[in-house]
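Reader: I would like a close look at one part of this model. Please take the salt bridges, and then place them in the rest of the chain.

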Amino acid sequence: METTSYVEVGNPKMWLPVDGSETYRRVDASPRWFRRFGDFEFGPQNRIETGLVVELATTCAPFR
């Protein structure tokens, strides 16, 4: 599971990811939805689960 920090910038206001803020944790299965940490209405910076990184195994030789 990848979690990324976002910061509110600009006028009009928009949320942008903070470079290098990604953290990862191991999960056994994909969640039904991603969680948000913080209050996006009032906080200047918040964290949100943004995606999954998966490793795929195949029984065939590497593709060329």
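Author: What follows starts with the chain as a whole, turns to the salt bridges, and then moves outward.

The model is predicted. The chain has 64 residues, and 19% of them count as buried. Its secondary structure comes to five strands and zero helices. Along the sequence the pattern reads β-β-β-β-β.

Now the salt bridges. The count comes to two. Which residues do they link into a network? The members are Arg-25, Arg-35 and Glu-49.

Take the pair of Glu-49 and Arg-25. Their side chains meet in a salt bridge, at 2.8 Å from N to O. This pair links distant parts of the chain. Glu-49 sits in strand 5, while Arg-25 belongs to the loop between strand 3 (23–24) and strand 4 (36–37). In sequence they are 24 residues apart.

Next comes the pair of Arg-35 and Glu-49. Here the closest N and O atoms are 3.1 Å apart. Arg-35 lies in the loop between strand 3 and strand 4 and Glu-49 lies in strand 5, so this salt bridge ties together parts that are 14 residues apart in sequence.

Is Glu-49 buried or exposed? Glu-49 has 3% relative accessibility, so it counts as buried; the cut-off for buried is under 20%. Arg-25 stands at 38%, and therefore counts as partly exposed. Arg-35 has a relative accessible area of 42% and is partly exposed. In this network, then, a buried Glu-49 is joined to Arg-25 and to Arg-35.

Arg-25 also leads to another feature. Arg-25 is one of the residues that line the largest pocket. That pocket has a volume of about 240 Å³. What else lines the pocket? Arg-25 is part of a run in the lining that goes Tyr-24, Arg-25, Arg-26, Val-27, Asp-28, Ala-29 and Ser-30. Leu-52, Val-53, Val-54 and Glu-55 line the pocket too, and so does Met-1. By class, the lining has seven nonpolar, four charged and one polar residue.

Some of these names return on the surface. Val-27, Leu-52 and Val-54 line the pocket, and they also belong to a nonpolar surface patch. Phe-34 and Leu-56 are in the patch as well. The patch covers about 460 Å². Leu-56 is found in the segment after strand 5 (45–51). Why does Leu-56 count as exposed? Its relative accessible area is 74%, and the cut-off for exposed is over 50%.

Strand 5 holds Glu-49, so it is worth checking contacts around that stretch of the sequence. Arg-36 has its place in strand 4. The C-alpha atoms of Arg-36 and Arg-47 are separated by 6.1 Å, although the two residues are eleven residues apart along the chain. Arg-36 is exposed, with a relative accessible area of 54%.

Glu-22 gives another such pair. Glu-22 lies in the loop between strand 2 and strand 3. From C-alpha to C-alpha, Glu-22 and Ile-48 are 9.9 Å apart in space, with their positions 26 residues apart in sequence. At a relative accessible area of 34%, Glu-22 is partly exposed.

Two features remain in the early part of the chain. Ser-5 is found in strand 1. Ser-5 counts as buried, at 6% relative accessibility. Its C-alpha is 8.5 Å from that of Leu-16, and the two are eleven residues apart in sequence.

Where does the cis peptide bond fall? It joins Asn-11 and Pro-12, with omega at about 10°. Pro-12 is found in the loop between strand 1 (2–9) and strand 2 (14–17).

Back to the part you asked about. Glu-49 of strand 5 is linked with Arg-25 and Arg-35 in a network of salt bridges. Arg-25 also takes part in the lining of the largest pocket.

Methods. Residues numbered from 1 in each chain as written. Predicted model: local features only at pLDDT ≥ 70, side-chain atom pairs only at ≥ 80, totals over all residues. Heavy atoms only, no water. Patch = residues over 30% accessible without salt bridge, like charges linked within 9 Å, V, L, I, M, F, W, Y side chains within 5 Å. Areas by Shrake-Rupley, 256 points an atom, 1.4 Å probe, with all protein chains shown as cover. Salt bridge = Lys/Arg side-chain N within 4 Å of Asp/Glu carboxyl O. Helix = DSSP H or I, 4+ residues; strand = E, 2+ residues; numbered from the N terminus. Buried < 20%, exposed > 50% of the residue type's maximum accessible area, 1.4 Å probe, protein only. 1 Å grid on protein atoms, 1.4 Å probe; cavity = no way out; pocket = protein on both sides within 12 Å on 5 of 7 lines; lining within 4 Å. Points joined across faces, edges and corners; volume = space filled by probe spheres on them. Nonpolar A, V, L, I, M, F, W, Y, C, P; charged D, E, K, R; others polar.
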